[in-house]
Amino acid sequence: AAEEGFDVEDVEGAIEEAGHGPLPVLAVVGRPNVGKSTLVNRIIGRREAVVEDKPGVTRDRVTYEAEWAGRRFKVVDTGGWEQDVLGIDASVAAQAEYAIETADAVVFVVDSTVGVTDTDEAVVRLLRKANKPVVLCANKVDGPSGEADATALWSLGIGEPHPVSSLHGRGTGDMLDAVLEALPEAPAQTFGTAIGGPRRIALIGRPNVGKSSLLNKVADEDRVVVNELAGTTRDPVDELIELGGVTWKFIDTAGIRKRVHLQQGADYYASLRTAAAVEKAEVAVILIDASETISVQDQRIVTSAVEAGRAIVVAFNKWDTLDEERRYYLEREIETELAQVAWAPRVNVSARTGRHMEKLVPAIETALAGWETRVPTGRLNAFLGELVAAHPHPIRGGKQPRILFGTQAGTKPPRFVLFSSGFIEHGYRRFVERRLREEFGFEGTPIHISVRVRE
Ligand code: GDP
Ligand code: GDP
């Protein structure tokens, strides 16, 4: 590496950074209007204001990557939640319940100018039961005169209140230091099968695509009741189902089976649950209703699974209802609307008739294999050398940026770091990714490529 102009420490640092495993998850909870969204914006350093969400409007994403003091983690923003017909208590409870299911630590936001309310007390009870690390954020302490209000929150009995002004940034640094102490280095859900646990599947898709029908179909036919499986955490919302002779853990089947009777915010709640299930899963089976036009909502769900870095299978359901014309248009839609997962194995199924159910498991196994693929450094560099020689990067400003060498820094999903002599354009990166896929497979998995440029 040294002779290529990189210093060994740079290279090692870049590999370590690119190879990071699954990140710990921090959830931000609290009643409406206490400043959750404002705080999340602060944490992730987002400039544009997203606090003006309209009631009932589904936000694109709820999970963000953040970094503080050199450590990375995910932040789940529950702030888009609106009070619904069940009242504030119920919606806040649903939100906190979600946090309990998914987070490795929780920031509980209280409006210190208002003080402790009954709803806050109810959240505290939920958080206690959950037994997750909690950092108490006494928000809206915009100046020294608010400190006394923050101190009053000791009465909640969950530890030190951190006085913060999410709006102005006051105190957020100290609070984030406390967050880092509370967060484990890696998520509780350790990856892989090292502990002998079953592989984890998230069955996701927008409402009415047939998730519960599919789950019932596979569960009815092949259901096993597994009692004590060594090394598995027992989570009542997950279900162990035997398919193709193997036991799989379906994540958050309660969320699929349970009809959530909420009006406003029901979509948002669904998207929170989806994000949670995807975070906990290794592979996402994305169900799409083949009888209907592929929608923006379908695409959002696909994007969230890709961004979470999960293995992906796309299943087109309700195949029994398709006529020739619809099949024709569906193929065109898949090409244009689902281009971002063109690499994902695809199955055309019917939860009603049971068509092609047996193809689901091989597709899942293919995707997981791609997700875990590791390319030896020697092979990778032989491939890169040939590729660069045959297809050099276009010359820019009289110079030709060149990929000098590379390494795979991690798996699940595969992550590569390439070291170059100059800025590598987006189009060329895409080309490299395409060629990597042609050469090494990676069916059913997103791949990450980061490029380090020699100073
Ligand atoms: P959420 O419903 O909990 O997500 O709350 P928002 O982030 O939407 O904030 C609700 C209102 O409180 C908005 O008008 C914010 O500008 C305001 N707000 C949030 N944080 C602070 C703060 O630290 N100080 C003050 N004065 N206002 C804040
Ligand atoms: P979920 O909201 O994604 O869980 O969807 P459901 O499983 O509740 O299904 C929504 C509707 O689609 C129900 O009326 C199902 O009977 C119907 N449905 C589900 N799968 C199929 C299928 O493969 N073929 C047909 N024709 N209808 C289906």
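Two strands count as paired when DSSP finds at least two bridges between them. Keep that cut-off at hand for these exercises on a predicted model.

**Exercise 1. Find out how strand β7 relates to β10, and what β10 does on to β11.**

Solution. Start with strand β7, residues 199-204: four bridges join β7 to β10, and the two run parallel. Four bridges meet the cut-off of at least two, so β7 and β10 count as a pair. To see one place where they meet, look for isoleucine 201, which stands opposite valine 283 in β10. Next, move on to strand β11, residues 311-317: β10 and β11 pair in the parallel sense over seven bridges. Here valine 285 has valine 313 of β11 as its bridge partner.

**Exercise 2. Work out how far strand β10 is enclosed by the rest of the structure.**

Solution. A residue is buried if 20 or more other C-beta atoms lie within 10 Å of its own. By that count, six of the seven residues of β10 (residues 283-289) are buried, so the strand is largely enclosed by the rest of the structure.

**Exercise 3. Describe the hairpin of β2 and β3.**

Solution. Strand β2 covers residues 63-68 and strand β3 residues 71-77; their pairing is antiparallel, over six bridges. One bridge links alanine 66 to phenylalanine 73 in β3. Now look at the turn: two residues lie between the strands, and alanine 69 takes a positive phi near 50°. As background, most residues other than glycine have a negative phi.

**Exercise 4. Two further residues have a positive phi, asparagine 208 and aspartate 252; decide for each whether it is buried or exposed.**

Solution. Take asparagine 208 to begin with. Its phi is near 75°, and its place is in the loop between β7 and α7. Asparagine 208 has 11 other C-beta atoms within 10 Å, so it is exposed; the cut-off for that is 12 or fewer. Turn now to aspartate 252, with a positive phi of about 55°, in the loop between β9 and α8. Aspartate 252 has 25 other C-beta atoms within 10 Å and is therefore buried.

**Exercise 5. Lay out the sheet that contains β13, β14 and β15.**

Solution. This open sheet of three strands has the order β13-β14-β15 and mixed pairing. Its edge strands are β13 (403-410) and β15 (448-453), each pairing on one side only. From one strand to the next, the twist averages 20°. Helix α1, residues 8-18, packs on the sheet and touches β13, β14 and β15; the direction of α1 makes about 150° with that of β14. Within the sheet, β14 (residues 415-420) and β15 pair in the parallel sense over six bridges, and valine 417 has serine 450 of β15 as its bridge partner. Finally, visit the loop between β13 and β14, where proline 413 lies. The peptide bond from lysine 412 to proline 413 is cis, with omega near 0°.

**Exercise 6. Check the span of helix α14.**

Solution. Helix α14 has 15 residues, 426-440. At 1.5 Å a residue, α14 should span 21 Å, and its end C-alpha atoms are 21 Å apart, which agrees. After α14 comes glycine 441, with a positive phi near 95°.

**Exercise 7. Name the residues that come nearest to ligand 1 and to ligand 2.**

Solution. Around ligand 1 there are 16 residues, of which Gly35, Lys36, Ser37, Gly79 and Leu167 come nearest. Helix α2 (residues 36-44) supplies the largest share of that shell, three residues. Ligand 2 also has 16 residues around it, and Gly210, Lys211, Ser212, Ser213 and Arg352 come nearest. Helix α7 (residues 211-222) gives the most to this shell, with three residues.

Technical notes. Residues are numbered from 1 along each chain as its sequence is written. Chains are lettered from A and ligands numbered from 1 in the order in which they are written. This is a predicted model: local features need pLDDT of at least 70, side-chain atom pairs count only at pLDDT 80 or more; totals for chains, interfaces and linings use all residues. A residue is near a molecule or strand if its C-beta atom, placed from the backbone, lies within 6 Å of it. Axes are lines fitted to C-alpha atoms, for helices over the stretch in contact, and angles run from 0 to 180 degrees between N-to-C directions. Two residues are in contact if their C-beta atoms, placed from the backbone, lie within 7 Å. The expected span of a helix is 1.5 Å times one less than its number of residues.
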